[in-house]
Amino acid sequence: MSLSFTRHRRLRQSAAIRSMVRETVLTPADFIQPIYVTYGEGVKHEIKSMPGVYRFSLDMLEEELQEIVSLNIPAIILFGIPETKDSVGSSAYAENGIVQEATRLIKSRYPDLVVVADTCLCEFTDHGHCGMVHTYERDGELCGDVLNDESLELLVKTAVSQAQAGADIIAPSNMMDGFVQAIRGGLDEAGFSHIPIMSYSVKYASAFYGPFREAADSAPQFGDRKTYQMDPANAREALREAESDVLEGADMLMVKPSLSYLDVMRTLKDQFDLPLVAYNVSGEYAMVKAAALNGWIDEKAMVLEILTSMKRAGADMIITYSGKDAAKWLQEGRR
């Protein structure tokens with residue numbers, strides 16, 4: 001019998017051959033591990049909706065940092081839960097703010113570990129929004145408008161204070177118009193022209209952020225964030241957002257969330273010649289973890305497949321709560 005079809009299976013017949021022809025390779029060097037820091041002593045508090053993820057007081061960070069470094073994960077991203085909150089998020093840019101204190105501590109002990117500072121106000125404001133708010137009542141309900149330009153001034157102060165504390169990368173996540181230009185100008189003026197900006201360029205108003213808002217105590221006290229974060233239905237708009245950030249001086253672009261937005265990631269990768277960051281967000285982590293704890297899925301296989309899909313879609317770096325687990329699994333697979 002004469003057969004003319006192509007035998008694709010020839011390159012799948014053994015693990016060794018599959019490894020040799022693999023197009024996308026995931027390594028611990030791809031990961032950025034989130035860390036939540038808070039005030040107090042002896043605090044290691046597990047976040048209920050994110051099993052395996054904790055809030056740490058500064059005196060409890062050492063074990064976590066040692067593990068991250070030992071797994072060859074090159075970077076962390078810091079989120080702070082302050083002691084007090086106010087309407088302008090002043091703890092975000094205070095010299096002794098929790099993120100600033102954590103940054104100084106981490107860089108003193110692990111100078112080669114890259115510290116990425118999330119630059120936003122939502123964890124530090126008493127209203128939970130990402131900028132200054134003009135509040136008013138309508139039909140007996142508290143309402144508010146997030147003030148774009150006034151918020152930029154506070155975000156610049158926050159970025160500069162984080163750089164002064166030793167942050168290696170500034171990652172503004174607020175989605176105010178012009179935030180990259182304002183922060184780039186502020187950093188340069190303060191003598192930090194060498195500090196790169198990892199811009200949350202494409203950040204959707206997503207339902208996948210729920211567990212983070214518990215972790216960071218940052219849920220809006222009124223309204224929502226749909227006036228400044230993107231509509232999940234829009235893809236072309238992502239190009240406009242990213243292009244603005246490129247022109248304003250961003251060094252890296254991010255898509256958040258990532259798993260439901262792989263098409264957007266691929267579009268940005270094809271359009272812009274900058275490193276691309278995927279944020280594997282809290283809700284994505286929580287869904288997998290909950291299913292795994294119920295015995296419904298193979299957690300290792302699913303996590304590695306999800307992270308590989310993000311890298312395949314164009315991610316150069318992945319912010320992921322699964323970073324430590326994934327690094328361990330990848331190391332086991334190479335023994």
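**Reading empty space and surface patches**

Me: How many nonpolar, polar and charged residues make up the lining of the second largest cavity?

Reply: By class, five are nonpolar, two are polar and one is charged. Please keep in mind that this is a predicted model.

Me: How is such empty space found, and which residues surround this cavity?

Reply: The general idea is that a probe the size of a water molecule, rolled over the atoms, reveals where empty space remains. In this structure, the second largest cavity holds about 50 Å³ of space. Its lining consists of Leu259, Asn280, Glu284, Tyr285, Val288, Val303, Ile306 and Ser322. Two elements, α9 (282-293) and α10, each give two or more residues to that lining, and α9 gives the most, with three.

Me: How many cavities of 30 Å³ or more are there?

Reply: The count comes to three.

Me: What is the volume of the largest pocket, and which residues are closest to its centre?

Reply: A pocket, unlike a cavity, is open. Here the largest pocket has a volume of about 560 Å³. It is lined by 15 residues, and those closest to its centre are Arg22, Thr24, Leu26, Thr308 and Leu330. Both α10 (299-312) and α11 (323-333) supply at least two lining residues, with the largest share, four residues, coming from α10. By class, this lining has six nonpolar, four polar and five charged residues.

Me: Now for the outside: which residues make the nonpolar surface patch?

Reply: Look for Leu11, Met20 and Val21, which together make a nonpolar patch of about 320 Å². To place one of them along the chain, Leu11 lies in the segment before α1 (15-20).

Methods
Residues are numbered from 1 along each chain as its sequence is written. This is a predicted model: local features need pLDDT of at least 70, side-chain atom pairs count only at pLDDT 80 or more; totals for chains, interfaces and linings use all residues. Side-chain values use heavy atoms; hydrogens and water are left out. On a 1 Å grid over the protein atoms alone, a cavity is a set of points where a 1.4 Å probe fits but cannot get out, and a pocket is an open set with protein on both sides within 12 Å along at least five of seven lines; lining residues have an atom within 4 Å of a point. Grid points are joined across faces, edges and corners, and a volume is the space filled by probe spheres set on the points. Ala, Val, Leu, Ile, Met, Phe, Trp, Tyr, Cys and Pro count as nonpolar, Asp, Glu, Lys and Arg as charged, and the others, Gly among them, as polar. Patches are made of residues with over 30% relative accessible area and no salt bridge: like charges are joined within 9 Å, nonpolar side chains (Val, Leu, Ile, Met, Phe, Trp, Tyr) within 5 Å. Accessible areas come from the Shrake-Rupley method with a 1.4 Å probe; for residues, only the protein chains shown count as cover. A salt bridge is a side-chain nitrogen of Lys or Arg within 4 Å of a carboxyl oxygen of Asp or Glu.
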